[in-house]
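Biologist: Could you take me through this one? I'd like to hear the reasoning behind each label.

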Amino acid sequence: LQRGEKSLGESAPIESVQGLRLLAKTLARTASAARCGADESISAATSALELCCSLVALDREWRMEKAQAAEAPTEATPAPGPEAPPQGSEPSGMEGTGDP
């Protein structure tokens, strides 16, 4: 900006100097906005990368658990026990006691 003012010299009209100042301020604001936009983009990309890494870790853990469950005997399933009486029938010892 100062170089532009010096090259115009003292005989330059005030409008030219003001135009150079306005141009410099506009360029500075534009550069600042571009930097802010770049910072936002970098932040979004970093968040996306962290999310992706977390999903990969969760998927790996899920696959390991699934593989372990397939290898392990079915200890989690309950052993067969006495069968429950069919619904609608009376428990033993209560048959024929009266109330319909």
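**Labels and the reasons for them**

Modeller: Sure. The chain's secondary structure comes to two helices and zero strands. Keep in mind that this is a predicted model.

Biologist: How much of the chain is buried?

Modeller: Buried residues are 2% of the 100 residues in the chain. The chain exposes about 9,300 Å², and carbon and sulfur atoms supply 60% of that.

Biologist: What makes R63 and D59 a salt bridge?

Modeller: Their side chains meet at 2.9 Å, N to O. The cut-off is a Lys or Arg nitrogen within 4 Å of an Asp or Glu carboxyl oxygen, so the R63 and D59 pair, at 2.9 Å, qualifies. By this rule the count comes to one salt bridge.

Biologist: Where do R63 and D59 lie?

Modeller: Both are in helix α2, four residues apart, which is about one turn of the helix.

Biologist: Why is R63 called exposed, and D59 partly exposed?

Modeller: Exposed takes over 50% relative accessible area. R63 has 53%, so it's exposed. D59 has 33%, which falls between the 20% and 50% limits, so it's partly exposed.

Biologist: And why does L58 count as exposed?

Modeller: L58 has 54% relative accessibility, and the bar is over 50%, so L58 counts as exposed. L58 is found in helix α2, residues 14-71. Together with L51 and L55, L58 makes a nonpolar surface patch of about 320 Å².

Biologist: Now the cysteines. How many disulfides are there by the rule?

Modeller: The count comes to zero disulfides. Take C53: the nearest cysteine sulfur, that of C52, is 5.8 Å away. A disulfide needs two cysteine sulfur atoms within 2.5 Å, so C53 is in no disulfide.

Biologist: What makes C53 partly exposed?

Modeller: C53 has 47% relative accessibility. Exposed means over 50% and buried means under 20%, so C53 lands in between and counts as partly exposed.

Biologist: And C36, what is its label?

Modeller: C36 is at 47% relative accessibility, so by those limits C36 counts as partly exposed.

Definitions and conventions: Residues are numbered from 1 along each chain as its sequence is written. This is a predicted model: local features need pLDDT of at least 70, side-chain atom pairs count only at pLDDT 80 or more; totals for chains, interfaces and linings use all residues. Side-chain values use heavy atoms; hydrogens and water are left out. Patches are made of residues with over 30% relative accessible area and no salt bridge: like charges are joined within 9 Å, nonpolar side chains (Val, Leu, Ile, Met, Phe, Trp, Tyr) within 5 Å. Accessible areas come from the Shrake-Rupley method with a 1.4 Å probe; for residues, only the protein chains shown count as cover. Buried means under 20% relative accessible area, exposed over 50%, partly exposed in between (1.4 Å probe, protein chains only).
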